[in-house]
Amino acid sequence: MITRKRARGWSAMGVAALLTMGVAGCSSGSGSGTSPASSAAGASGSAAPSFTEAQAQQVFERYVKERQAATEKGDTEALARVEDGQLLKENRAEAQLHQANGTKNDPIRPVRPVYLIPQTGSGAPQSFAVLSKTEGRETDRSSTLTFFTRDQAGGEWKAVVATWVVTEAPPTTAPTDAPSATPVPGQLSLQPKVMPALARGASGGVELSPTAETDTGVCGRYAKYLSFTVPAGKPESADFERGDFTSGLVGYFNGWDQKVLERSLSFRSLTNALPTFRLKDGGSLVTCTLEGTYLDRGRTPANWIEPDGDTDALLGRGRKWSSIEEVWSVPAVVEVPQGGGPATVLSSEAYGATKLSVTGVEWK
């Protein structure tokens with residue numbers, strides 16, 4: 001298993017995403033740039049959006065204020081006023097983990113928001129998204145991507161998914177005397193692809209994909225791709241390009257193989273109401289919400305598991321287990337090319353998934 005220190009909902013990962021790893025132990029009885037969010041497609045004749053950026057800003061600022069107040073107090077019930085869905089589940093799970101570890105989730109302030117308001121053509125949108133930076137880390141090339149939805153026109157807006165994506169390309173030049181990067185022990189370095197530019201109408205609204213119903217099928221394919229018994233995962237896939245969040249991720253999970261343990265992953269794609277944005281090149285940007293079950297168990301009654309890190313904290317430290325089951329939340333952002341072909345997973349929380357629940361059967 002791995003853990004990653006972050007404030008859920010405001011995570012931002014850099015050029016090389018560094019994830020702190022702590023694999024569960026066992027014993028035998030014997031992851032030159034211009035922000036694509038600001039790029040415009042320049043389509044003409046688009047009507048002005050009925051839901052304005054000023055309104056989106058008001059929703060976002062209220063969310064930031066109330067979320068930070070709830071975080072400072074450790075009040076997860078207060079979060080329900082401004083959050084819902086998978087994001088609320090994640091924050092409640094994070095609060096439980098902080099309680100188990102005796103730690104506190106310090107609020108992190110988002111800055112420099114860019115509003116992605118769907119251009120619907122008629123009527124107000126029922127969802128929109130915000131790209132933002134984290135105060136103190138404004139130069140980070142990645143951005144937090146937060147989605148807001150409401151049940152009906154005039155309904156209350158709530159944040160339902162928060163993940164991240166790289167939004168700026170690296171510098172085209174670098175000092176010749178720059179020191180070479182040295183991997184930190186216990187950490188994994190990733191180099192995600194930059195999110196392509198979004199298509200925008202003349203009014204500034206982000207265009208929705210005309211093939212959204214087909215595009216979102218990529219989420220189910222990604223869930224299936226990540227479901228296997230270790231080490232039988234197949235890195236190659238006709239559905240996805242090779243990368244850190246596909247072939248690299250499968251290889252990472254396959255590396256969990258231990259002869260005294262049987263480890264399996266089973267993911268499913270959750271239905272969501274998130275918008276599928278059209279990219280400037282004609283492709284689509286899909287945000288998936290996956291839920292995964294990780295099962296770790298001894299191959300025989302003589303084999304047991306002694307977990308560490310978050311799993312150990314949530315189960316009760318210093319105990320041995322014959323089996324452990326974890327339910328993970330894994331948002332992912334996927335680029336789907338126009339006309340079909342392998343998709344590119346731009347980001348995935350699978351390396352450091354939020355543990356929604358952890359249960360086990362104690363070894364005796």
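Four strands line up as an open sheet in the order E3-E5-E6-E7, with antiparallel pairing (two strands pair if DSSP finds at least two bridges between them). Helices (H or I, at least four residues) and strands (E, at least two) are DSSP runs, numbered from the N terminus. Keep in mind that this is a predicted model: local features need pLDDT of at least 70 and side-chain atom pairs count only at pLDDT 80 or more, while totals for chains, interfaces and linings use all residues. Residues are numbered from 1 along each chain as its sequence is written, and side-chain values use heavy atoms, with hydrogens and water left out.

**The sheet**
- E3 and strand E7 (158-166) sit at the edges with a single partner strand each, so one side of each has no neighbour in the sheet.
- From one strand to the next, the twist averages 25° (axes are lines fitted to C-alpha atoms, for helices over the stretch in contact, and angles run from 0 to 180 degrees between N-to-C directions).
- Helix H1 (residues 53-73) lies across E3, E5, E6 and E7, and runs at about 140° to E3; contact here means heavy atoms within 4.5 Å.

**Strand E5 and its partners**
- All eight of the eight residues of strand E5 (residues 127-134) are buried, so the rest of the structure largely encloses this strand (buried means under 20% relative accessible area, exposed over 50%, and partly exposed in between, with a 1.4 Å probe and protein chains only).
- In a regular strand, side chains alternate between the two faces of the sheet.
- In E5, Ser127, Ala129, Leu131 and Lys133 point one way, Phe128, Val130, Ser132 and Thr134 point the other way, and all are buried.
- On one pairing, strand E3 (residues 110-116) and E5 run antiparallel and are joined by five bridges, with Val114 having Leu131 as its bridge partner in E5.
- On another, six bridges join E5 to strand E6 (residues 142-149), again antiparallel, and Leu131 stands opposite Leu145 in E6.

**The disulfide**
- There's one disulfide in the structure (a pair of cysteine sulfur atoms within 2.5 Å).
- Cys219 and Cys288 form this disulfide, with their sulfur atoms 2.1 Å apart.
- Cys219 lies in helix H5 (residues 217-225) and Cys288 in strand E13 (residues 284-298), so the pair ties together parts that are 69 residues apart in sequence.
- The link of Cys219 and Cys288 is left-handed, with -80° about the S-S bond.
- Both Cys219 and Cys288 are buried.
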